[in-house]
Amino acid sequence: MASIITNLRAVHARIAAAAQAAGRDPASVSLLAVSKTWPVAQVHAVFEAGQRAFGENYVQEGVKKVAALAGLGLEWHFIGPVQSNKTRLVADAFDWVHSIERLKTAERLSAQRDAARPPLQVCLQVNVSGEASKSGVAPEEAPALAHAVTTLPRLRLRGLMCIPEPDGGQDTLRRRFALLRQLRERLASEGLALDTLSMGMSHDLEAAIAEGATLVRVGTAIFGERQKPNHSA
Ligand SMILES: *Cc1c(COP(=O)(O)O)cnc(C)c1O
């Protein structure tokens, strides 16, 4: 567990250095600890080191951890693909969903979100890599989806999320992240102000912060290398 705490500090230092290099306030970038595949004990260790926001990709696994760690005041973000038959579990267990790519999914989540709870905070996942990635709404279709999602009563649209192709090189990465930033600027010019750009992971958080990331999603650099997941979502 000691190494997890050292790792967490090192990630904070990378975020601060990247923000400073970009002339940004380090406090303008928040850290989401991606705990997928890691047991509750590891998540708890990261919590004890001061981390409050955690991200999960697999519904069943995430729901179990949310229940096991209830009462600690953690904020849970769902960042994996949302299947229609799992929307109720997601709407019940999570505070945020980063991976909205279809209106249908958003409508189900809004309909299923408990009226007694705060609205589900959501981001649209945008396919910034074109044909290199299958996930996410196409950039040219994102504005229409964004405007439609803002009309749903139990969701609050907070921003945009992307996962660029991992092997594109530095220039490509910067262009992918810049595309998400420009999309947010376009939406702002259409009267839709969004405060969140969810982009950057263990290997590319510096490039993402240079392009304006407000939230980086970091797993490996905190928890270590994952075993291959052997379960389905
Ligand atoms: C796993 C995952 C991450 C974290 O990736 P690392 O490379 O381990 O930091 C971030 N975002 C999403 C959507 C993921 O699935």
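**Exercise 1. Find which atom of the ligand Arg226 reaches with a polar side-chain atom, and add any other side-chain partners you can spot.**

Solution. Start at Arg226: one of its polar side-chain atoms lies 2.8 Å from an oxygen atom of the ligand. Keep in mind that this is a predicted model. Next, look at Thr220, where an N or O atom in the side chain is 2.6 Å from an oxygen atom of the ligand. Then try Arg217: an N or O atom in its side chain sits 2.9 Å from a nitrogen atom of the ligand. A polar contact needs N or O atoms within 3.5 Å, and the pairs at Arg226, Thr220 and Arg217 fit that. As for cover, the ligand has 390 Å² of accessible area on its own, and the protein covers 91% of that.

**Exercise 2. Describe the place where the ligand sits and sort the shell around it by class.**

Solution. First, the place: the ligand sits in the largest pocket. Now check who surrounds it; among them are Val34, Lys36, Asn57, Ile79 and Met201. Finally, sort the shell: you get 5 nonpolar, 4 polar and 3 charged residues.

**Exercise 3. Work out whether the chain's radius of gyration agrees or disagrees with that of a compact globule.**

Solution. Count the elements to get your bearings: 9 helices and 8 strands. With 233 residues, a compact globule would come out near 17 Å, and the chain has 17 Å, so the two agree.

Conventions: Residues numbered from 1 in each chain as written. Predicted model: local features only at pLDDT ≥ 70, side-chain atom pairs only at ≥ 80, totals over all residues. Heavy atoms only, no water. Near = heavy atom within 4 Å. Polar contact = N/O pair within 3.5 Å; in protein donor to acceptor, adjacent residues only side chain to side chain. Areas by Shrake-Rupley, 256 points an atom, 1.4 Å probe, with all protein chains shown as cover. 1 Å grid on protein atoms, 1.4 Å probe; cavity = no way out; pocket = protein on both sides within 12 Å on 5 of 7 lines; lining within 4 Å. Sits in = over half its atoms within 2 Å of the grid points. Nonpolar A, V, L, I, M, F, W, Y, C, P; charged D, E, K, R; others polar. Helix = DSSP H or I, 4+ residues; strand = E, 2+ residues; numbered from the N terminus. Rg over C-alpha atoms; globule rule 2.2 N^0.38 Å.
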